[in-house]
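The following questions and answers examine a protein model. Please consult the sequence and the structure shown here.

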Amino acid sequence: PRYVKARDGELLYYKTRRDARAIGFIRLKGCEIRFAGSRGLEVYSVAKQTSVMLRAGTSAELEAWKKALDQEVAAIATPAAKAGTAVDQSSVVIMDIGSASVRAGFAKGAAAWPLLYAPSVVAAAG
């Protein structure tokens with residue numbers, strides 16, 4: 001490949017910078033990012049046992065890519081919230097979308113009336 005992008009947990013590769021469609025990709029989840037020579041990186045997919053070799057123009061660019069890809073892999077591997085973790089209830093929004101109305105409010109320790117009430121109205125021309 002001539003051009004690569006790391007996006008949404010995937011490393012997409014293209015023939016040229018101007019191409020709109022990637023010619024392939026590797027999911028970064030479970031990948032190992034390794035140095036390969038003085039200006040190269042290997043992105044190795046453990047699951048598929050395949051790799052993509054990347055070459056950087058400078059050692060600084062190589063370090064920047066290594067750091068970015070390592071961070072992308074770490075972000076995928078780290079769950080957003082573990083089960084059993086306490087959540088600040090004041091920031092949780094509850095929405096009740098019923099057939100006659102929509103009600104919404106913040107979750108609290110005690111029962112409370114919704115902060116928003118909007119009737120569902122349907123009109124028909126007759």
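**Salt bridges and a sheet**

At 36% relative accessibility, E32 is partly exposed, as this class lies between buried (under 20% relative accessible area) and exposed (over 50%), with a 1.4 Å probe and protein chains only. The model is predicted, so local features need pLDDT of at least 70 and side-chain atom pairs pLDDT 80 or more, while totals for chains, interfaces and linings use all residues. Residues are numbered from 1 along each chain as its sequence is written, and side-chain values use heavy atoms, without hydrogens and water.

Q: Which residue forms a salt bridge with R34, with the closest N and O atoms 3.4 Å apart?
A: A salt bridge places a side-chain nitrogen of Lys or Arg within 4 Å of a carboxyl oxygen of Asp or Glu. R34 also meets the side chain of E32 at 2.6 Å, N to O, and a network of salt bridges links E32, R34 and E42. The partner at 3.4 Å is E42.

Q: Is E42 buried or exposed?
A: The relative accessible area of E42 is 17%. R34, at 33% relative accessibility, counts as partly exposed. E42 is therefore classed as buried.

Q: How far apart, N to O, are the side chains of D70 and K66 in their salt bridge?
A: D70 and K66 lie 4 residues apart in helix α1 (residues 59-77), so about one helical turn separates them. D70 is partly exposed at 33% relative accessibility, and K66 is buried at 15%. Their N to O distance is 2.8 Å.

Note on methods. Helix = DSSP H or I, 4+ residues; strand = E, 2+ residues; numbered from the N terminus.
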